[in-house]
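Grab a viewer and work through these exercises with the coordinates loaded. Try each task yourself before you read its solution.

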Amino acid sequence: MNDLWVKQCGISHTGSFKDLGMTVLVSQVNRLRKMNKPLVGVGCASTGDTSAALSAYCAAAGIPSIVFLPANKISMAQLVQPIANGAFVLSMDTDFDGCMKLIREITSELPIYLANSLNSLRLEGQKTAAIEILQQFDWEVPDWVIIPGGNLGNIYAFYKGFKMCEELGLVNRIPRLVCAQSANANPLYLHYKSGWKNFTPVKATTTFASAIQIGDPVSIDRAVYALKNSDGIVEEATEEEMMDEMAAADSTGMFVCPHTGVALVALKKLREKGVIGKSDRTVVVSTAHGLKFTQAKIVYHSKEIEGMSCKFANPPVEVAAEYGAVMDVLTKYLSKVS
Ligand SMILES: *Cc1c(COP(=O)(O)O)cnc(C)c1O
């Protein structure tokens, strides 16, 4: 492909695009508290990145944050972020959907402001990424934008950003949007395949793309609206496809998260089917920093994933600290790459 771009949304303060929306939301809560509104704290259910962003901005503003996390379903780096920022962290023996259901019930009873992306302040912040893409192309509209989706707020936020620019007359069309899901958490994909018939939530199973391990997305209706109005498509990626694409991307000098791998699989599939043309300008949205997901990369490169061939694994070579031994392995390596 000759016009392919990656929009890096994960090189931000807490390492994911969730920062874009959370600055807006926490600023607003800060204002409400200064107006003496009875808000004691801010809470969210999270697959990791939302809680990291929430706790960082709340800590900076001196607002208590409360996060509901599914135990053992987020990365170590993601877990340590809210802990370090002083959030009140509740680790629960359920999945994201279970955490989400509970926090909705709890926040309706307690003076805790709910910070999940059903809150439109988040989307207002997140939509700036779409505006930024247009600005970076000098207001030329890309043909495609591919976004990994879980709870499905972000796909709608992108749609909103593009649509706003169209309505303002900054551009005269919007890109076609592609939502990419993990095959282990694919309710939107199934809904799309059924011709948008009846939506049925699924039970999401374990995926390396843990931030999108969601079976009953809160923003399903908004996502469907965004896709229908952008001539959009939904694709899915198996674990092996995602991990291979992530590794392939890394081998070009990037260091992408598994979710970005999911988006790259969607790109590959749509290119192979000829849906995305060779010279179409295409933007893949990278949603988090790869350093949050080192464990996934480590098990891939050590070929420790059951049932996966890990074809791009690049494990370190163990060699004796001796001149001869090092010469041997290096000569072999050099003849392979030359
Ligand atoms: C939150 C998140 C997503 C999914 O965004 P939704 O708005 O929930 O669809 C994708 N990738 C990463 C890294 C995330 O943190």
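Below are three exercises, each with a worked solution.

First, some ground rules. This is a predicted model, where local features need pLDDT of at least 70, side-chain atom pairs count only at pLDDT 80 or more, and totals for chains, interfaces and linings use all residues. Residues are numbered from 1 along each chain as its sequence is written, and side-chain values use heavy atoms, with hydrogens and water left out.

**Exercise 1. Which residues touch the most other members of the largest nonpolar core, and which helices and strands supply it?**

Step 1: pin down the term. A nonpolar core is a set of buried Ala, Val, Leu, Ile, Met, Phe, Trp, Tyr and Cys residues joined through side-chain atoms within 4.5 Å. Buried means under 20% relative accessible area, exposed over 50%, and partly exposed in between (1.4 Å probe, protein chains only).

Step 2: find the hubs. The largest core has 33 residues, and Val145, Ile155, Phe158, Phe162, Leu177 and Leu188 touch the most other members.

Step 3: trace the suppliers. At least two residues each come from α6 (128-136), β6 (144-148), α7 (153-167), β7 (176-182), α8 (187-193), α9 (220-228) and β9 (282-286). Helices (H or I, at least four residues) and strands (E, at least two) are DSSP runs, numbered from the N terminus. The top contributor is α7, with seven residues.

Step 4: check for another core. There's a second, separate one of 30 residues, and Ile212, Ala247, Val256 and Cys310 are among them.

**Exercise 2. Asparagine 72 has a positive phi without being a glycine; where is this residue placed, and is it buried or exposed?**

Step 1: read the torsion. Phi of asparagine 72 is near 60°.

Step 2: locate the residue. Asparagine 72 sits in the loop between β3 (65-70) and α3 (76-84).

Step 3: look at the accessible area. At 81% relative accessible area, asparagine 72 is exposed.

**Exercise 3. Which residues are closest to the ligand, and how much of the ligand's accessible area does the protein cover?**

Step 1: list the surroundings. The ligand has 15 residues around it (a heavy atom within 4 Å), and the closest are Lys18, Asp49, Gly150, Leu152 and Thr287.

Step 2: pick out polar contacts (pairs of N or O atoms within 3.5 Å). A side-chain N or O atom of aspartate 49 is 2.5 Å from a ligand oxygen. For glycine 150, a backbone N or O atom lies 2.8 Å from an oxygen of the ligand.

Step 3: work out the cover. On its own the ligand has 380 Å² of accessible area, and the protein covers 97% of that (Shrake-Rupley method, 1.4 Å probe).

Methods
Polar contact = N/O pair within 3.5 Å; in protein donor to acceptor, adjacent residues only side chain to side chain.
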